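Biologist: Got a minute to go through the charged side chains with me? I'd like short answers with the reasoning included.

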Amino acid sequence: MKSVCPVTSGFSSPNPSAAAAAQEVRSATDGNTSTTPPTSAKKRKLNSSSSSSSTSSSSSTNSSNEREDFDCSSSFSSIPPLQPRDSASPSTSSFCLGVSVASSSHIPIQKKLRFEDTLEFVGFDAKMAEESSSSSSSSSPTAATSQQQQLKNKSILISSMTSVHHANGLAKSSTTVSSFANSKPGSAKKLVIKNFKDKPKLPENYTDETWQKLKEAVEAIQNSTSIKYNLEELYQAVENLCSYKISANLYKQLRQICEDHIKAQIHQFRDMDSLDSVLFLKKIDRCWQNHCRQMIMIRSIFLFLDRTYVLQNSMLPSIWDMGLELFRAHIISDQKVQNKTIDGILLLIERERNGEAIDRSLLRSLLSMLSDLQIYQDSFEQRFLEETNRLYAAEGQKLMQEREVPEYLHHVNKRLEEEADRLITYLDQTTQKSLIATVEKQLLGEHLTAILQKGLNNLLDENRIQDLSLLYQLFSRVRGGVQVLLQQWIEYIKAFGSTIVINPEKDKTMVQELLDFKDKVDHIIDICFLKNEKFINAMKEAFETFINKRPNKPAELIAKYVDSKLRAGNKEATDEELEKMLDKIMIIFRFIYGKDVFEAFYKKDLAKRLLVGKSASVDAEKSMLSKLKHECGAAFTSKLEGMFKDMELSKDIMIQFKQYMQNQNVPGNIELTVNILTMGYWPTYVPMEVHLPPEMVKLQEIFKTFYLGKHSGRKLQWQSTLGHCVLKAEFKEGKKELQVSLFQTLVLLMFNEGEEFSLEEIKQATGIEDGELRRTLQSLACGKARVLAKNPKGKDIEDGDKFICNDDFKHKLFRIKINQIQMKETVEEQASTTERVFQDRQYQIDAAIVRIMKMRKTLSHNLLVSEVYNQLKFPVKPADLKKRIESLIDRDYMERDKENPNQYNYIA
């Protein structure tokens, strides 16, 4: 048996004899050797089927010198150089190779090779063992002697390959046994390869010398001097020490040297009481920057230690964290140093808030240091927020008294922008929520009501859009701010609107002012309040409240405003502008409770426009009608639609009447046009008896005969107040056509019979009512087109005035329209219209009560009142409602319950 020990990996020349033996074995190696690095530390077995082994046998017929030679070539995985970076602890691999040897007699012989190694140390003993098979053991002594002779002739060839890696004075090697052979047929032999029992040791003083080098390098870094050794060499030294399990001691030594250096730094800060705070901060910052730079350099050298030993020990901080921990413990946790640092930072921030220029990069570096050391919140943030709260509380109280609201709002916005900039520039983001909330609370939250009471009305009155936008934006940031603003907004609209509606002096301009106010409010909501639904709804409620403080009058004035815009003389607006104006009117119309009052006055004015032909546009009239129908329903506009229908039917009737006249051959040069009006659709007109010329009376009779012949059972009533005529007149200048009313026609026709007439004579001849006659004469003698001359001259018609025809009348137009002096609507007429509305309302109330009682049969008073209110579209006083119930009881539509007076029963 022959034992071979190749060189082990380790420090240089720990075993010189082994190296020599390896050299000797290498020269005798025969066979093929392949090197394959192991992929894992798991045990593997290689049998004859998977190994790349080859066997050859030869036999001789010489019986006396019979000999068998076996050459067995096997491939083993070579052991790679020392790789502690992949694994912190050595791992063991075991290989088993089975080699089948076939002799000429085909007796199988099994030989096994066992190989055990570690990644750190490689060494084995080779031992050949013989085992006789069962057949050999039973052979004769002669056979035994022959077997021993054969063993002497055995040759074992072991080829080994050693690769050596030199780094930093260390040698690493791996050895592979390649082949061995051979044995006599019928016997089994084993080759056992084992590890060294004792691991190779490091050279003496290697650890101390290596640490000394590392210590010198660390001190050079800390003192900012040059390092004597190559950084790669230092890194490899750390790796070697860690490979031999000196990591724990190395970590402790490194921590100690770092701690000693940091402890020495504290003394320079303790004796700086007289030093300016800014200089002190710069010194602290310089110390911190140096510490960070040093720890980065130190960690790069000890990176292997940081990534192996420290990483596997969760209780140990990394080298960087260790540096932070030491700096925090020995520098910044010193109460005196910490207080002066925090005080200095707060002083710089206060100076910046007061408008001074400061070193922001210094602040950014120091606050980043506090954050890295994890003392930002405990040491700095709390005090910073307290100082901020104190500063802005005092500032808010002071500026609210000194400044106007717009100026104060801009100051608050500026402060918020400044604090946001500080958060971006040097403060930690964790401070953002608390800081902004503090500023908003002290500058806004504490003064919400005061700001609104002091300046909101002025901002709204002056329509300061930008300031209102800023106000809404700032109030939106504070909890409850929008709600407070909403309440003040409602109060403002109610107050301002009430001044428009309640004051009778503003009746002439009420509707236009309401439209302008609505436009202004809408613009503010769209631009300033970002179309907030709450503000839109609040505005609608406020409008509805103030516009109905004065019952009926707004509805009446809106109807008259629409009339003024739809008259033919209105040249102010195009069709598109007129349509937009009607849309705005409908918005105001929605807020009104007494829509039936609007209907009454609108119908009265519409009748005038249709009959006199003063409507600006039929399209505009129908557009307004469709808007009312959409808003209030078909029942609301049924009478108004009936008026338009009457006008269209009248045109058809007049076509038929003209054909009738042509067939009758009626003499005369008067052309008659009649409008047939259904009394239920049109306003009620008081008939006035006047003395018409015989020609007119004759034409009236002809039309009456014609119409009643077609529609039997109907009654015609002539409305002279609504008639108008076209007269042909001759003056010295020439012929003219005068477009006048029926009353003006009767007056002018008198001057065909005479030259001069007094007021009394004209009144007696025409039969026109006194007031109407005076207005008629005023329009003919005192207006722009004076076809009559009055004596004495004057603007008003007095008793005793005399009138003559003005033959010298001149006008540039051929057809001249002489407008009737419009009688101002008297209080009595307004009262009569309102009275008719109230009368209609009573009918509606009665109908609603009967409708409800007929359906319910029995109902209590409170429920009946509640349901009536739900059905009616106009406001009713409880007292008026009670009167209508009593009236229905008197008329036997319902009765009180005999047992319960508060309950009503329907009478079928």
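Biologist: Which residue forms a salt bridge with Arg-360?

Modeller: Keep in mind that this is a predicted model. The closest N and O atoms of the pair are 2.7 Å apart, and the cut-off for a salt bridge is 4 Å. So the contact qualifies, and the partner of Arg-360 is Glu-352.

Biologist: Is Glu-352 buried or exposed?

Modeller: Let's take both ends of that bridge. Arg-360 has 25% relative accessibility, so it counts as partly exposed. Buried means under 20%, and Glu-352 sits at 14% relative accessibility, so it counts as buried.

Biologist: What about Glu-621, which residue does it form a salt bridge with?

Modeller: The closest N and O atoms there are 2.6 Å apart. This pair links distant parts of the chain, with one partner in helix H24 (residues 595-612) and Glu-621 in helix H25 (residues 618-632), 12 residues apart. Both partners are buried. The one you're after is Arg-609.

Biologist: Which residues do salt bridges that share partners join into one network?

Modeller: We've already met two of the members, Arg-360 and Glu-352. Shared partners join them with others into one network. The full set is Glu-352, Arg-353, Arg-360, Glu-419, Asp-421 and Arg-422.

Biologist: How many salt bridges does the structure hold?

Modeller: The ones we've talked through belong to a longer tally. For the structure, the number of salt bridges is 35.

Biologist: How many residues apart in sequence are the parts that Arg-383 and Asp-343 tie together?

Modeller: Their side chains meet in a salt bridge at 2.6 Å, N to O. Arg-383 lies in helix H14 (residues 376-402) and Asp-343 in helix H12 (residues 335-353), so the pair ties together parts that are 40 residues apart.

Biologist: Are those two buried, partly exposed or exposed?

Modeller: The partly exposed class runs between the 20% and 50% cut-offs. Arg-383 has 32% relative accessibility and Asp-343 has 36%. So Arg-383 and Asp-343 both count as partly exposed.

Biologist: Now the surface: which helix gives the largest share of the negative patch?

Modeller: The patch is formed by Asp-575, Glu-576, Glu-577 and Asp-619. Three residues come from one helix, covering residues 575-590, and Asp-575 lies in that helix. The helix is H23.

Biologist: And why does Asp-575 count as exposed?

Modeller: Exposed means over 50% relative accessible area. Asp-575 clears that cut-off, so it counts as exposed, and its relative accessibility is 59%.

Methods: Residues are numbered from 1 along each chain as its sequence is written. This is a predicted model: local features need pLDDT of at least 70, side-chain atom pairs count only at pLDDT 80 or more; totals for chains, interfaces and linings use all residues. Side-chain values use heavy atoms; hydrogens and water are left out. Patches are made of residues with over 30% relative accessible area and no salt bridge: like charges are joined within 9 Å, nonpolar side chains (Val, Leu, Ile, Met, Phe, Trp, Tyr) within 5 Å. Accessible areas come from the Shrake-Rupley method with a 1.4 Å probe; for residues, only the protein chains shown count as cover. Lys and Arg count as positive and Asp and Glu as negative; His and the chain ends are not counted. The place of a charge is taken as NZ of Lys, CZ of Arg, CG of Asp or CD of Glu. Helices (H or I, at least four residues) and strands (E, at least two) are DSSP runs, numbered from the N terminus. Buried means under 20% relative accessible area, exposed over 50%, partly exposed in between (1.4 Å probe, protein chains only).
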